[in-house]
Amino acid sequence: MRRSEVRKQEYAYDPRVTPVDGEFYVTWCNGYHGPTIGIARTKDFVHFEQLENAFLPYNRNGVLFPRKFNGKFLMLSRPSDTGHTPFGDIFVSESPDLVYWGKHRHVMGRGWPWWQGTKIGAGPSPIETNEGWLLFYHGVTQTCNGFVYAMSAALLDLEQPWKVIACCNQQLLCPEAPYELSGFVPGVCFPVGCLCDSATGRTAIYYGAADTFTALCFCDLNEVVQFVLDNPLKK
């Protein structure tokens with residue numbers, strides 16, 4: 001990998017892959033004096049170029065949109081502090097070149113219902129639909145036995161994706177299977193990758209299970225979109 005001038009790297013985890021204009025961009029939680037968002041690009045998944053870190057520490061769950069908006073890249077992220085991400089809300093930021101980021105907008109906040117009371121974070125790259133950008137995301141609650149990570153979905157405005165059209169009022173996937181309940185971090189369903197057949201709507205979601213296994217589930221994109229619209233979170 002050809003790297004940027006910032007070479008110090010303490011750790012790397014939770015990657016997302018997003019195609020934009022014929023190139024593939026990898027974003028991940030990059031350790032640089034604390035967690036921030038690393039970015040690399042490739043055309044062949046053999047040769048990678050690592051760019052500058054997107055944000056100052058502390059930040060996690062950096063996810064690019066798969067197309068530009070008025071010539072600008074947009075990235076979802078979750079700013080935090082030195083604790084276990086108590087800030088917990090999702091923001092979107094804009095960049096002309098993947099180096100300089102600004103125009104930060106609040107998208108979604110943690111809180112009610114209970115299963116996302118501690119924090120939320122973007123999952124795979126948003127999927128463009130006729131009803132809006134479908135975003136699978138994880139919500140986290142803290143129980144007497146530790147944190148529990150579940151997956152839900154929201155719809156964002158197509159041209160102003162910091163505006164939420166509808167957010168599902170319930171979990172779509174929560175830890176129940178043995179491989180989701182037992183592992184390095186028990187009780188985790190953490191979506192990070194998604195493949196969608198635009199012709200049929202059949203969608204495959206890759207998610208981390210108990211921070212130990214890579215799991216796969218399937219859904220119908222159109223059914224999920226309709227379910228979100230029919231079951232919106234009411235504040």
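Two strands are taken to pair if DSSP finds at least two bridges between them; helices (H or I, at least four residues) and strands (E, at least two) are DSSP runs, numbered from the N terminus. The structure is a predicted model, in which local features need pLDDT of at least 70 and side-chain atom pairs count only at pLDDT 80 or more, while totals for chains, interfaces and linings use all residues. Residues are numbered from 1 along each chain as its sequence is written, and side-chain values use heavy atoms, with hydrogens and water left out.

Strand 11 (residues 132-143) is paired with strand 9 (residues 119-122) through 4 bridges, and the two run antiparallel. Within strand 11, Y137 is the residue opposite A122. Strand 10 (residues 127-129) is likewise antiparallel to strand 11, with 3 bridges between them, and here E128 faces W133 of strand 11. The connection from strand 10 to strand 11 is a hairpin of 2 residues.

On strand 12 (residues 146-156), 11 bridges are formed with strand 11, again in the antiparallel sense. V140 has Y149 of strand 12 as its bridge partner. A hairpin of 2 residues also links strand 11 to strand 12. With burial defined as under 20% relative accessible area, exposure as over 50%, and partial exposure as in between (1.4 Å probe, protein chains only), 10 of the 12 residues of strand 11 are buried, and the strand is therefore largely enclosed by the rest of the structure.

Strand 12 contains F147, which counts as partly exposed because its relative accessibility is 26%. The C-alpha atoms of F147 and G88 are 13 Å apart in space, although 59 residues separate the two in sequence.

A further set of strands was examined separately. An open sheet is formed by 3 strands in the order 14-15-16, with antiparallel pairing. Strand 14 (189-196) and strand 16 (213-220) occupy the edges with a single partner strand each, so one side of each lacks a neighbour in the sheet. From one strand to the next, the twist averages 25°, where axes are lines fitted to C-alpha atoms, for helices over the stretch in contact, and angles run from 0 to 180 degrees between N-to-C directions.

Strand 15 (residues 202-209) is joined to strand 16 by 8 bridges in the antiparallel sense, and Y207 has A215 of strand 16 as its bridge partner. Helix 2 (residues 221-230) packs on this sheet and touches strand 14, strand 15 and strand 16, contact meaning heavy atoms within 4.5 Å. The direction of helix 2 makes about 80° with that of strand 16.
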